[in-house]
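Subject: Structure handover

Hello,

Here is the structure I said I would pass on. Please open it beside this email and follow along.

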Amino acid sequence: MTEVPPADLRFGAPALLGRAVAVLGLCGVVLGLGMTWGMLERLDPAVPLLIAAAAGAVLVWLSADLAARIDAQLRPDRFGRPRPVRRRGWIGVGALALAASLANLTSWTGLYGFLPLIAAGVGVWCLTGAARRVWLARGGGSRFRGREERLRLTMPGMIAVAIAAVLLLGAFLGPSNMLLLVCCMTIGPIAADAWFAAGSLRRCEVRRIAPTVAAAGEVALVEIALAHRGRWLPAVQVTAADRVRNRREELVAAVSFTHLPPRDRQTGVYRLEPRIRGVHALGPITLSTAFPLGLVRREAVVQEEAEILALPPLGRMLPLWTRQSAHSDELAHHARSRKGLFEDEFYQLREYRPGDGPRSIHWRSSAKAGELMVREHHESRDRDLVVVLDFHADGPPGLEDENTQERAASIAATIVEEHLRRHGGATLSLRIAGAEDRMYLGRAGGDLTGPLTELALAEPGPSGDPGKAAFNATTETGPAARKTLITTRAPEDAALSDAGLGSGWTIVSARPGQYEDLYEPATFEAYSDDSPPGSLVR
């Protein structure tokens, strides 16, 4: 399957054109600088050299960024593994070319020799990182395939680099060997910190163990296992940050590992409490450490993906709904619990009466009693349930519309759960009319995963005629089934009046002010306008 380029390399055509124009503009600046070099050099020999170094650095970065983005658009299949050629490789090549150009303008040992030295150092560092990515993408690095490593300077690290740059500039302008020595003493701890942080994460492997299904409002425990395959150096103060995304928000759950010895494995757990139904995507996991000095933060992004399906939250149907349900069940029971010769459930043996069919005669009992005895049955089925969820949405929903939609799914789930808890053998016909039609038909029994999964995956949309959805839902159930329509529309909506639903249907609107007598939402569903619903990570 073709992979999509990462977000930091996706670019539209106008932006690509803008970058190309910027590159051409800088090329024009460099050409103009070459034409006016002599005039600028008469003012001060350092002016054209510093302008050339600055323009060349910006040109190298823009060119490398443009090349990497074009490469991502033309060959997106290369981005399913660590990317051996991205900005770093192109920057390395450009920095070495810039170093060669600056070396022709000034001597390596001259007053401004530090300019080509810095450019060459950046080029070697970038190409070394790109070569390591190539090695990781080969068979020898298969254990670490699918991870991206980054190196970031912390704020103290940036201050230390700035101080080192000032000392280096002073050492070349001085010239002063003492300043150069102090500069090296400043850069040394930064390099040592980066090396130790890289060694701590280089042999770390992370795995996630998470449930596939969770109920909204209940806590799901997600386990993060970190294994250290190194031989000598421990992994110290490593943080595993796991991204959690749903259709409303993106959260980050962090698990810290204080000290992980070589060839050891530790486990941490974070608590995820989904508050809205639907798919919660987990991953990638970012391992990071700034130990020991806190000047450099090393990060390794591991493509460890998983999903948790959050089922709709279950509220409570209020006594008014319970009384209506009990009254309806009693009427249905009287209508169909009658004695007769139905092949349904055995009721009793009785004497033969004229008109009884010969197939109902129980011959063994007749021989014992000395007269004909017949088997009598009665119809005693659990009452079937028909639930239609009219998941209507006209356009992009606001916060109130989203709460209404979530409430409608929760009402449907609560009705299904309470009815099937009392009628375990009932047939459930669930029909959802939204962005796409979804349905569930069967005897759920004690397992509600099937219908609740359909409700969790349902998406609102411009649903059509709710009357048609109601008719389709009743084709597989008996005439005495209880029929309920839950809708996100207002009660006065013309679509409900045109649906032609009979008196046997109960219509419940999830709009504010319409459901409060029948349904009590889950406690966490009481959201304010400025605190939208979401998930909790602890």
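In this predicted model, five strands form an open sheet with mixed pairing. Their order across the sheet is β17-β16-β15-β18-β19. The strands at the edges are β17, residues 438–442, and β19, residues 505–509; each of these has a pairing partner on one side only. On average, neighbouring strands in the sheet are turned by 10° against each other, with direction ignored.

In the middle of that order you will find β15 beside β18. Strand β15 covers residues 385–390 and β18 covers residues 482–487. The two run parallel and are joined by six bridges. If you want one pair to look up, take V388, whose bridge partner in β18 is L485.

A helix also belongs to this picture. Helix α10, residues 399–422, packs on the sheet. It touches β15, β16 (428–433), β18 and β19. The direction of α10 makes about 175° with that of β15.

Next, the cysteines. How many disulfides does a search of the whole structure find? The result is zero. Take C184 as a case: the nearest cysteine sulfur belongs to C183 and is 5.5 Å away. A disulfide needs the two sulfur atoms within 2.5 Å, so C184 is in no disulfide.

Is C204 buried or exposed? C204 has 0% relative accessibility, and because buried means under 20%, C204 counts as buried. C184 has a relative accessible area of 46%, which lies between the 20% and 50% cut-offs, so C184 is partly exposed.

Regards

Notes. Residues numbered from 1 in each chain as written. Predicted model: local features only at pLDDT ≥ 70, side-chain atom pairs only at ≥ 80, totals over all residues. Heavy atoms only, no water. Pairing = 2+ DSSP bridges. Helix = DSSP H or I, 4+ residues; strand = E, 2+ residues; numbered from the N terminus. Axes fitted to C-alpha atoms, helices over the stretch in contact; angles between N-to-C directions. Contact = heavy atoms within 4.5 Å. Buried < 20%, exposed > 50% of the residue type's maximum accessible area, 1.4 Å probe, protein only.
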